[in-house]
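Biologist: Hi! Could you walk me through this structure?

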Amino acid sequence: MARYELVKRSVALITLTNPPVNALSAAVRLGITETIRRALGDPKVTAVVLCGENGKFCGGADIREFAGTLRGPSIITLMDGIEAGVKPVVAAIEGVALGGGLELALACHYRIAHSKARLGLPEVTLGLMPAAGGTQRLPRLIGIPAALELITTGRHISAQEALKLGIVDQVTDENACKMAVEFALNVVGKPLSSRRLSTLTMPCPPNLDAIFEAVTMQVQKKARGVMAPLACIQGVRAAATLPYSQGMKRESELFATLFNSGQARALQYCFFAQRTAGKWTLPSGAQWNNSKPREIRSAAVIGLGTMGRGIVVSLARVGISVIAVESEKKLLDTGRQMVIGMLERDAKRRGVTASLNLLRFTLSLQDLKDVDIVIEAVFEDMALKKRVFEDLSKVCRPGTFLYTNTSGLDVDALAGVTDRPHMVAGMHFFSPAHVMKLLEVVYGSRSSSETIATAMSLGKRIGKVSVAVGNCHGFVGNRMLKPYTDQANFLLEEGATPEQIDKVLEEFGFAMGIFRVSDLAGLDVGWRIRKESGLTGPKIDPKDPPRRRQGSRYSPIPDMLCEQGRLGQKTGCGWYVYDKPGGTDAKPDPLIQNLLQTYRSRYGIQPRNISGQEIIERCLFSLANEGFRILEDGIAAQPEDIDIIYLFGYGFPRHRGGPMFYASMVGLERVLERLEHYHHVHPDVPHLEPSRLLRKLVACGSPPIQKWREHIKQIHSHL
Ligand code: COA
Ligand code: ADP
């Protein structure tokens, strides 16, 4: 786990060997301890270089070990030994030095980084804090403000930035290991005392309290209710106010509190869930991973609305040439202008040249003859989409994949009008498509594995977190949204206010409550869908009693708002009122209170006080309940996929792990019991009826989330 070689006759080269990222497992810690001891004890050795195999210095602590009890040599003793040693130790950083990897480098006397290396202390993103001296050594090296910023955000920085901050001594384009050996030979015999970071006097600015206060406010605003950043601040404060040994003691106490917290478990679950989802297994267990994606060089995007424009930008900025199609000259010109503006701003922000030469704009589908893929992003209208797909069938060469950007329409129905149903699938982007990280890749019943592999790989290439999902109304994300939104609306009817519900959800950790999000997105989006489904408007079945549609409870309150022109921020009012159309500062609106009161008295509803607990349980348990149904139906392959969709597409707080993980943390038995209770009280709400899978899991003793898959009925897949 750590290789030892003697190079240039007097330099001990120690290489960490634990693929893929040389994480500091117990075996690696033991390997370093033994090889360092050997190097320090060998009179031939005058200096030591520490590097990592396969061009990666070290990805930090082995996160998989956190699930058990930590064994093996203490990393802190090991680092203290390196730092106190009388021979210079140089860290040769290639690839990554993250978390414990950077802390290890900080315990060395010198650090040389390759120009492409990334450094950081990302523990906070896993619900933890640096616990091998990171909070004590880094501030002594680069000062309190810079250390606070890096430790509380967990941001990765480039080698160049690390050099500027003083974290590394040299940056090289050559092999960092080779350079470090040369460097080590040159520093042999030089005094090491000023290189031992733990012994340095802390550079303390005079306005210390103000600095800590400002950072505390900043993290509380950014990550409401999240513990780790606050613990990080306390760790750095200890560095500023206590001697090193006491600071270390404080660091380890704070770490222990975080280590056992539900938040840390949730955030570590998210880390692995993201990687699991990327491997996109399917409910059938089909061998999709073996199918090779086709390489994409050219694409066409049809429709330059908000979605189409974002998709064009996402593709062009990774070097894919794009033909953008609109239906009218004026719309084409506006679209062109907007796309160019977006690409220019994006390039400026990233410090590169805008890739405008990759773009072509046209009104004619005939120009799409030779593209590798088409992504259709016209209006969400099945008849129109069908026409477009029929035309594409005629125009595009047989090898062109056809994808539809739809938020919920039937992918099979579209595939059915083409000459190549196996090459059709959904790519559900989220708005704005060049910013939002989530991509649902929707496989239809006839989509080939190559079609899905190509979409998944394209998603990865354009920086999306892609999840493969089955074809049903709303797919995973929007299908689950319905029971959640329904509950919020029913709670309004029963006595809650939009601001009360939003406050509870925001305290839970959502960046914005459901009504504020609805105002931002526009209430008309859902209204149009409801009208098309015959839930509101002229098609309503006259036999439905009030507040019932198609046999279930239905709240017409959102429709009433739309009828009054309250479409959200864009009209200056929706669930809240804004100072002007397009304003963002939401204020509670007395007119909404009046509307709710009138509504309640019309239907004889006695408003009651609704607790925060009821709001959370009804909104979030019904969300998870639909997630269980989605697993049962084989629309998502595993709970991790659902959680990733909610984390990256719907703002679910990461420190809660996602709706399914949250349900597992609350306890499935409790979720079942509460759903049974609410369904009993509201028998006309089918979504509150506990799903079969939830019952089954509880009957099996509520296994941990990683084991749910074994209980999910294996559905047969055509693949
Ligand atoms: N401990 C255990 N496993 C780790 C790990 C760690 N610190 N870092 C990465 N891995 C695993 C991943 O789970 C993945 O495993 P898999 O192939 O079985 O899915 C594999 O290493 C490759 O990681 P991946 O993230 O897919 O590779 P990448 O090249 O895109 O990114 C890193 C590499 C190091 C930047 C990224 O993995 C990372 O950020 N790791 C965590 C670093 C960290 O937070 N360290 C502090 C720990 S307290
Ligand atoms: P969003 O992208 O937000 O869903 P729109 O529904 O406004 O936004 O965007 C759809 C775009 O698709 C519109 O600009 C419309 O002009 C365009 N469009 C509609 N039909 C066609 C078509 N047949 N060919 C090309 N573009 C089309």
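Modeller: Sure, we can start with the ground rules and then take the ligands and a sheet.
Modeller: This is a predicted model, where local features need pLDDT of at least 70 and side-chain atom pairs count only at pLDDT 80 or more, while totals for chains, interfaces and linings use all residues. Residues are numbered from 1 along each chain as its sequence is written, chains are lettered from A and ligands numbered from 1 in the order in which they are written, and side-chain values use heavy atoms, with hydrogens and water left out.

Biologist: Thanks! Which residues are closest to ligand 1?
Modeller: They are Gly59, Ala61, Ile63, Arg275 and Lys279, out of 18 that surround the ligand. A residue counts as near if one of its heavy atoms lies within 4 Å.

Biologist: And what is 2.7 Å from an oxygen atom of ligand 1?
Modeller: An N or O atom in the side chain of Arg275. The side chain of Lys279 also has an N or O atom 2.7 Å from an oxygen atom of ligand 1. Both are polar contacts, meaning a pair of N or O atoms within 3.5 Å.

Biologist: How much of ligand 1 does the protein bury?
Modeller: It buries 73% of the 870 Å² that ligand 1 exposes when taken alone. These accessible areas come from the Shrake-Rupley method with a 1.4 Å probe.

Biologist: Now ligand 2. Which residues come nearest there?
Modeller: Thr306, Met307, Glu326, Leu331 and Phe379, of the 16 around ligand 2. An N or O atom in the Glu326 side chain is 2.5 Å from an oxygen atom of the ligand, and a polar backbone atom of Met307 is 2.8 Å from an oxygen atom of ligand 2.

Biologist: Which helix gives the largest share of that shell around ligand 2?
Modeller: H12, with three residues. Helices here are DSSP runs of H or I with at least four residues, and strands are E runs of at least two, numbered from the N terminus.

Biologist: Switching topic: what is the strand order in the open sheet?
Modeller: The order is E5-E7-E8, three strands with mixed pairing. Two strands pair if DSSP finds at least two bridges between them.

Biologist: Why is one side of E5 and of E8 left without a neighbour?
Modeller: Strand E5 (96-98) and strand E8 (157-158) stand at the edges and each has a single partner strand, so one side of each has no neighbour in the sheet.

Biologist: And how do E7 and E8 run?
Modeller: Antiparallel, joined by two bridges. Arg118 stands opposite Ser158 in E8.

Technical notes:
A polar contact is a pair of N or O atoms within 3.5 Å; within protein, one must be able to donate a hydrogen and the other to accept it, and residues adjacent in sequence count only if both atoms are side-chain atoms.
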